[in-house]
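Thanks for coming. Please have the sequence and the model open while I talk.

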Amino acid sequence: MKPSAWFAAFATVAVSTASAVAAEQPLTDADAIVARANLAAYYAGADGRSEARMVISDSQGRQQVRQFVVLRRDVSEPGYPAAGGGDQEFLVVFSRPSDVRGTVYLVEKHVDRDDDRWLYLPGLDLVKRISAGDKRTSFVGSHYFYEDVSGRLPAADQHELIETTDAHYVLRHRAVVPDSVEFSEYTTWIDRETFLPMRIDYRNSNGEVYRRVEAQAVETFGGHPTVTRTLVSDLAGGGSTEMRFRNIGYDIGLPEDVFSERSLRAPPRQWLE
Amino acid sequence: MAKLRRSRRLDVVLALLLLLPAIAAKAAEDAWDDSWGDDWDEEPGGLVWTGFLELGAGVRLDDDEPTRATLGELRGRTETEWAAERWTASLKVDALRDEALNDSAIDLRELALQFPVGSALDVKAGRQVLTWGTGDLLFLNDLFPKDFESFFAGREDEYLKAPSTAVRLTAYTDLVNVDLVWTPEFEPDIYLDGERFTFFNPAVGDIDVFDPPLSVDRPEGLHSGEVALRLFKRVRSTELALYAYHGYFKQPTALNRRGRATFAPMEAAGFSIRGPLGAGIANAEGSWYESRDDGNGDNPNVPNSQARWLLGYERELIPNLTGAVQYYGERLDDPALLRAGLPDPRFAPDKWRSLFTLRLSYRALRDNLTLGLFTFYSPSDDDYHLRPTVSYRFSDAWQISGGASLFGGSKVHTTFGQLQDNDNVYLRLRRYY
C-alpha cells in the first residue's frame with residue numbers, strides 16, 4: 001500500500017471488468033486489496049503527466065505555495081507484468097515560488113532496492129544526489145513526504161483487513177521495520193470500486209491519530225479514476241497542505257530519455273507545457 | 001579619517017536595512033494573492049520575471065584590517081527565460097551596491113542561449129555557471145571558476161560558483177555521454193586580492209594587508225582559452241565519469257618574469273564514481289594536475305604538478321539530520337626541488353596535504369528552518385575552517401540567513417591558517433518576488 005498515494009494522481013483500475021466483478025464480490029485478502037490499491041494509485045496507464053499545486057498552511061494559517069509538473073513512466077522490463085507494480089521513473093519540475101523555480105527532482109523508484117534520487121539546483125548548476133534514507137521527511141516544505149511522491153512499497157508494511165463497509169475496505173498497516181518510520185500504524189479506507197485510498201489515518205504509539213490524508217475529489221481521465229484534490233493534515237502540530245492536480249494525461253508516450261540527467265539541465269518543454 | 005569613513009559605511013548599511021522592506025514590497029508583486037479556487041492562474045503570457053532583493057551585512061570579529069565590514073551590500077536579482085520552439089534564452093543578472101568595498105557592480109550570472117542540435121546534442125552558449133564533479137565544497141575535476149571571496153564573506157552558496165563565458169556541448173549516446181566546454185578566454189577564480197581579507201604574503205613572510213590590493217597578470221585573449229571535457233555514464237545506480245582539462249591553475253600561484261603573480265598553465269585528467277552504499281551515497285574522485293611550465297618541478301615560481309584524491313560519504317543520521325564526511329588528499333610532485341629554489345623554504349608547501357570535512361545539516365519546521373555546520377580540518381597543515389549557518393524561511397517571499405566563517409591554524413602560510421585574522425559573522429535578509 002502506498003499510504004498517501006495520490007501524489008502522482010495516476011489512479012486507475014487496471015481492467016474495468018475486473019473491477020466490476022470485484023465490487024460485487026468483496027475481496028477478503030488484505031495483500032490482494034493493497035496490491036490493487038497500489039496499481040490504482042500509482043500505475044494508471046504506462047505513463048502520465050499532471051500539473052500540481054500545493055498550498056501549505058502552517059498552524060497559524062500562513063500560506064506558502066509550490067507549483068510543479070510531474071511526469072511519470074513505468075519501466076517495462078522483461079519479467080514485469082504489463083499491468084504495473086514494477087519500477088517507475090518520476091520527473092518533477094518546479095515553477096513556483098521563485099526560489100525553487102527551475103529546480104528539478106528525478107526519482108527512479110525500484111521495487112527491489114533503494115530508489116535513486118537526484119535534485120538539480122540551477123543556481124549552482126549542481127546535480128545533487130540524495131541518499132535513500134530520508135524518505136519520510138517534508139517534500140519541499142509541505143506536509144507531504146518524499147515517499148508520497150514515488151510511493152511506499154507494499155512489501156514495506158504488513159496489512160490487515162479490519163472491516164468491509166458498503167463503500168470501503170478498511171485496512172490497518174504496520175511497518176515491517178518499525179524503527180524506519182515515524183508511525184506506529186496507519187489505517188486506510190480504500191474505495192471498493194476504484195481501489196483508490198480515500199483516507200489514511202496515521203497513529204502514534206499512544207494510538208492517537210496525528211496525521212491524516214484525505215482524497216477530496218476524484219475525476220476520471222482516459223478511463224482512469226484519479227484523485228484531483230487531496231489534503232494532508234498535521235493533527236498534532238496544526239497545519240495542512242492541500243494539493244490539486246490539473247491537465248492530467250495518461251499513455252502520452254513519454255520517451256525513456258525524458259527521465260535522465262539531460263532533463264535536469266534542459267527540462268523537456270514539450271512534455272511540460 | 002579612516003574611522004570616519006567606516007562609521008559612515010555602517011550608517012549607510014543601517015539605512016538600507018530600514019529601507020529594504022519598503023523597497024522590496026514595492027518591487028515585489030505578490031503572486032500568491034489569488035484565491036485558491038477551482039480556477040488556476042494561468043501562467044501569465046510573455047516573460048515571467050522573478051528575482052530578489054537582498055541586504056547583507058557582515059563584520060570581522062578580531063581585526064579591523066583591511067575593512068571592518070566583510071559584507072555590506074544591497075543586491076537586486078532579476079531573472080527570466082524566453083522560450084521559442086526549441087530555443088531558450090535565459091538571463092540572470094544582479095545589481096549590487098557593495099558598501100564594504102565602496103563599489104557598485106553589475107554581476108551578469110547568466111545570459112545564454114540553449115538549444116538542441118538534432119536529437120542527441122544540447123548546446124548552451126553564453127554566460128553561465130558550470131559545475132561537475134562529486135566533491136562537496138572541494139573541487140578536483142571541476143575547474144570552472146569559483147568565487148572564494150563570496151564564499152568566505154557569507155554570500156549565498158550559489159555565489160561560490162562564478163559564471164563563465166563559454167560554449168557547452170553535451171552529447172547523449174548509448175555508449176557514453178560527452179560534455180565539452182570551451183571557454184574562449186581564461187576565466188580564473190575570483191581569488192582573494194586583499195581588499196576584503198588578509199592572507200599570507202611570501203614577500204614579508206607573514207599574514208599581510210595588501211594595500212594596494214594584489215594585482216596579477218592574467219592570460220588574456222583567445223589564445224588563453226580553456227577546454228574541459230567530461231565523459232559520463234550511469235551503470236544501474238552508479239555514476240561514472242572521466243575528465244580532462246586544458247588551461248591554467250585557477251589561482252594566481254605562479255610568478256612571471258616581471259615578478260608578478262600569474263596563473264600557470266596546466267593540464268588535468270581525472271575520474272569520479274558516485275553511487276549508493278548502505279543507506280547513503282558514496283563518492284570517490286581523483287585528478288592529476290600537470291603543471292606545464294614546471295618540467296622538473298624545480299622552478300620555485302611555478303606550482304608543482306600534483307595528484308588530488310577524494311573519498312566521501314553522506315547519509316541521513318536521524319530524520320532531517322544529514323551527515324557527510326570527506327577525506328581529501330594532495331600530493332605535490334617534487335616539492336624538495338621547489339623548496340630548494342624558494343627564498344624562505346619554511347613557507348614551501350608540504351609534499352602531502354590531507355583534509356577532512358564534516359557537514360551536518362538539520363532541517364526543522366518542514367524545512368523552513370535549516371541549521372548547518374561545515375568543518376574543514378587539515379591534520380597535515382594543522383589548520384581549520386568552520387562554517388556554521390542558520391537560515392529561516394518566513395514565507396515564499398522572505399528569508400533570513402546568518403552564519404560565520406571562522407579560521408585557525410598553527411602556521412601563517414597554510415590554506416586556512418593564513419586566513420586566521422578574517423573571522424567574521426554575517427546576516428542576510430532576502431525578499432523574493
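Start at Leu106(A). Once its neighbours within four places in sequence are set aside, Leu106(A) is in contact with Leu91(A), Trp118(A), Phe259(A) and Leu264(A). Keep in mind that this is a predicted model.

Where does Leu106(A) sit in the wider picture? It is part of the largest nonpolar core, which has 35 residues. Leu91(A), Val92(A), Val104(A) and Leu106(A) are the members that touch the most others. Several strands of chain A supply at least two residues each, including strand 1 (47–57), strand 2 (63–74), strand 4 (104–109) and strand 13 (240–250). Which strand gives the largest share of this core? That is strand 3 of chain A, with five residues. Another core lies apart from this one, with 23 residues. Among its members are Leu192(B), Phe199(B), Leu355(B) and Phe416(B).

Next, the contact between the chains. Chain B brings 34 residues to it and chain A brings 31. On the side of chain B that touches chain A, at least two residues come from each of strand 1 (50–60), strand 15 (265–277), strand 16 (280–291) and strand 17 (306–318) of chain B. Strand 17 of chain B gives the most, three residues. By type, the residues on this side of chain B are 13 nonpolar, 10 polar and 11 charged. For the complex, the predictor reports an ipTM of 0.89 and a pTM of 0.89.

Now a small sheet in chain B. It is open, has three strands in the order 10-14-13, and its pairing is mixed. Why is one side of strand 10 (216–217) and of strand 13 (254–255) of chain B left without a neighbour in the sheet? Both stand at the edges and each has a single partner strand, so nothing in the sheet flanks the other side. Strand 10 of chain B runs parallel to strand 14 (residues 261–262) of chain B, and two bridges join them. Within strand 14 of chain B, Ala261(B) is the residue opposite Val216(B).

Last, confidence. Chain B has a mean pLDDT of 89, with 90% of its residues at 70 or more. Two stretches of chain B fall below 50. In residues 1–19 of chain B the pLDDT is below 50, and the stretch has 11 contacts in the model beyond near neighbours in sequence. Residues 21–38 of chain B are also below 50, with 14 such contacts. Where pLDDT is low, the predicted coordinates should not be read in detail.

Terms used
Residues numbered from 1 in each chain as written. Chains lettered and ligands numbered in written order. Predicted model: local features only at pLDDT ≥ 70, side-chain atom pairs only at ≥ 80, totals over all residues. Pairing = 2+ DSSP bridges. Helix = DSSP H or I, 4+ residues; strand = E, 2+ residues; numbered from the N terminus. pLDDT = per-residue confidence, 0-100. Contact = placed C-beta atoms within 7 Å. Nonpolar A, V, L, I, M, F, W, Y, C, P; charged D, E, K, R; others polar. Core = buried A, V, L, I, M, F, W, Y, C linked by C-beta atoms within 7 Å. Buried ≥ 20, exposed ≤ 12 C-beta atoms within 10 Å, placed from the backbone.
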